[in-house]
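Please take me through this structure stop by stop. I have it open in a viewer and would like to know what to select next and what is there.

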Amino acid sequence: MKRKMSLFSLVMLTLSAIIGSGWLFGAGMAAQIAGPAAVLSWILGAVVIGLIALNYIELGTMFPTSGGMSQYAAFSHGPLLGFVAGWANWLSLLTIIPIEAVAAVQYMASWPWSWANWTRGFLKNGNITNEGLVIVFLFILAFTLLNFWSVKLLTRFTSFISIFKLLIPTLTIIVLIWTGFDPRNFSQTAGFMPGGSASIFSATTAAGIIFSYNAFQTTINMGNEIEHPERNILWGIVIAFGISTVIYTMLQVAFIGAVPAGNLAHGWQGVNFQSPFADLAILLNLGWLSTLLYLDAFVSPFGTGVSFVATTSRALAAMTGTKHMPTRLGEINRKYQTPRRAMIVDMFLGVVLVAGFRNWSALSNVISTSTLIAYLTGPVTVAALRHQGKKFVRPFRLQGLHWWAPLAYILASLAIYWAKWPTTIEVFGVIALGLVFYVYYEVRQPAGWRALRASLKGSRWLLAEMIWLTIMSLVGSHEFGGVGWLPYPLDFVVVALGSLGCYYLGVHDAYYSESFTIAEELNQRVTED
């Protein structure tokens with residue numbers, strides 16, 4: 001009998017995924033965009049992702065299965081929606097693997113020691129060079145190999161590295177507040193909100209805040225590899241998400257307060273550190289802290305990268321269940337219980353992504369938007385299953401779902417809008433490419449075009465949502481990349497109302513498909529205890 005993950009191991013794995021490169025770059029980028037108000041951006045990001053997570057906790061405890069995030073939408077709305085949700089989620093997860101490697105290499109390129117001159121060539125004009133690309137590939141290879149030989153090895157590694165990853169950010173907060181904190185930074189230099197209130201919202205995606213919190217789904221996707229999933233999925237997410245929210249918010253507070261007054265002569269937009277916290281430590285003559293931070297810039301992305309190889313491979317393997325992707329990608333190695341083929345495919349695609357997007361900022365914006373598109377299906381699915389699966393066992397039942405589900409959906413829609421034009425249409429286009437795979441495999445099956453037409457109804461609401469958000473991104477306010485036909489904040493109201501209509505259409509369009517039978521079988525294994 002294979003060993004399953006305890007609650008402690010699960011929390012450590014999730015924390016190892018959440019506390020990654022986001023803390024190394026996010027605070028500096030958010031401060032550039034929103035100034036001191038960036039603190040509110042981290043709180044807002046936590047509220048958005050936290051509400052979405054509540055919907056997925058109910059689904060995860062109802063259907064404890066590996067790669068579950070790629071399957072839930074199919075249970076209520078058929079295989080086409082399940083595939084689109086799984087494809088969007090897999091794309092976002094796939095991008096996280098190379099972004100963590102890129103983060104480590106970007107920090108390596110700024111190592112201040114004379115013996116490290118050989119790392120200078122890894123970065124040029126803010127982008128990874130071909131030389132740096134080789135190092136990125138070695139990181140991705142290491143991430144993959146640590147997952148190649150079982151969950152047991154993975155949990156031992158992440159439990160150890162997570163403790164280190166928690167200590168360094170915590171120490172950074174304490175030292176910066178103790179030695180260099182100036183509360184006047186929160187009110188001087190154009191005030192608390194130099195970019196206006198709109199900058200608080202745009203920073204959630206542009207500064208990688210949504211991306212940083214995204215890793216809660218690591219717990220969901222481990223599914224039946226968890227001890228007592230009916231309760232540990234809930235507590236694993238609550239504990240890990242709560243700790244990470246406090247750490248991220250306090251890191252932003254410490255960063256804002258510790259920037260020397262001389263560096264604010266040109267406002268917060270002029271604070272452009274290549275290695276934000278390490279550069280700040282050097283300015284404050286904290287050489288020992290900068291050394292620790294450069295070390296953690298290696299360790300934190302490494303731990304997150306390792307965790308997401310596990311999550312991403314299971315998401316890809318789960319997508320093969322409906323036979324709309326090559327089924328061999330879903331095969332689990334009998335000895336080590338890991339989807340090895342899926343891991344190898346993810347590894348090579350990760351290298352291709354870095355070759356196209358060679359800096360942390362560009363990758364994080366793409367990840368945030370594609371993740372949120374996948375998350376749109378969660379609130380719709382959980383609400384639809386309250387009607388379709390009334391007799392399902394629900395170890396965690398979200399109280400007040402009729403309020404929380406549509407609110408989570410609206411917030412996810414707004415966060416996609418905050419990504420700004422043309423990021424929205426670019427990501428929608430990449431997601432649409434997945435439909436080529438779906439149609440190719442669907443028409444080759446016995447039901448063929450008839451099944452495709454049946455599943456279109458269950459997916460039309462998401463198509464309507466993406467068209468709606470594309471139009472709104474184009475015609476919306478200048479603050480979010482639009483042409484300005486709708487001024488801020490009226491654009492928020494219009495986006496929310498249109499998205500709410502798509503939400504209720506989605507709940508209405510749920511139907512019973514063969515995938516619902518899979519949901520019934522999974523739920524039969526669940527106990528209330």
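## First stop: two helices near the start

Select α2 and α3. In α2, the residues G22, G26, A27, A30, A31 and A34 meet A38, S41 and W42 of α3. Sorted by class, this contact holds six nonpolar residues, three polar ones and no charged ones. Now show the two helices in full: α2 covers residues 21-34 and α3 covers residues 38-62, and their axes come within 8 Å and cross at roughly 125°. The two helices are therefore oblique to each other.

## The whole chain

Zoom out before going on. The model is a predicted one. Its protein chain has 21 helices and two strands. Of the 529 residues in the chain, 62% are buried. How much of the surface comes from carbon and sulfur atoms? The chain exposes about 19900 Å², and carbon and sulfur atoms supply 66% of that area. Consider the contacts as well, counting those with a separation of 6 or more: residues 24 or more positions apart account for 82% of them.

## The loop with P112

Next, select P112. This residue sits in the loop between α4 (72-108) and β1 (123-124). P112 is partly exposed, as its relative accessible area is 42%. Apart from its neighbours within four places in sequence, P112 is in contact with R120 and Y294. Add D279 to the selection: P112 and D279 lie 167 residues apart in sequence, yet their C-alpha atoms are 9.8 Å apart in space.

## Helix α11 and the residue after it

D279 leads on to helix α11, where it is one of the buried residues. Select residues 276-283 to show this helix, which is mostly covered, with six of its eight residues buried. Besides D279, the buried residues are P276, F277, A278, L280 and A281.

Step on to N285, which follows α11. N285 belongs to the loop between α11 and α12 (287-319). Is N285 buried or exposed? It is exposed, with a relative accessible area of 70%. Its phi is positive, near 60°, and N285 is not a glycine. For background, most residues other than glycine have a negative phi.

## Helix α7

Go back along the chain to residues 198-206, helix α7. This helix is mostly covered too: eight of its nine residues are buried. Select A198, S199, I200, F201, S202, A203, T204 and T205 to see the buried ones. After α7 comes G208, and its phi is positive, near 80°.

## Around helix α17

Select K420, in the loop between α16 (401-418) and α17 (423-442). K420 has a positive phi near 80° and is a residue other than glycine. With a relative accessible area of 30%, K420 is partly exposed.

Then move into helix α17 and pick I425. I425 is partly exposed, with a relative accessible area of 34%. Show I467 as well: I425 and I467 are 42 residues apart in sequence, and their C-alpha atoms are 9.1 Å apart in space.

## A cis peptide bond

Now select Y488 and P489. What kind of peptide bond joins Y488 and P489? The bond is cis, with omega at about 5°. As a rule, most peptide bonds are trans. P489 is in the loop between α19 (460-475) and α20.

## Last stop: α15 and α20

From P489, go on to helix α20, residues 490-508, and show helix α15, residues 377-388, with it. Two packed helices are described by the angle between their axes and the distance between the axes. Here the angle is about 40° and the axes are 8 Å apart. Helices α15 and α20 are therefore oblique to each other. The crossing of α15 past α20 is right-handed.

To see what makes the contact, select P379, V380, A383 and A384 in α15, then Y503, G506 and V507 in α20; these residues meet. By class, six of the contact residues are nonpolar, one is polar and none is charged.

How values were computed
Residues are numbered from 1 along each chain as its sequence is written. This is a predicted model: local features need pLDDT of at least 70, side-chain atom pairs count only at pLDDT 80 or more; totals for chains, interfaces and linings use all residues. Side-chain values use heavy atoms; hydrogens and water are left out. Axes are lines fitted to C-alpha atoms, for helices over the stretch in contact, and angles run from 0 to 180 degrees between N-to-C directions. Helices (H or I, at least four residues) and strands (E, at least two) are DSSP runs, numbered from the N terminus. Angles under 35 degrees count as roughly parallel, over 145 as roughly antiparallel, 65 to 115 as roughly perpendicular and the rest as oblique. A crossing is left-handed if the near helix is turned anticlockwise from the far one by less than a right angle, and right-handed if clockwise. Contact means heavy atoms within 4.5 Å. Ala, Val, Leu, Ile, Met, Phe, Trp, Tyr, Cys and Pro count as nonpolar, Asp, Glu, Lys and Arg as charged, and the others, Gly among them, as polar. Buried means under 20% relative accessible area, exposed over 50%, partly exposed in between (1.4 Å probe, protein chains only). Accessible areas come from the Shrake-Rupley method with a 1.4 Å probe; for residues, only the protein chains shown count as cover.
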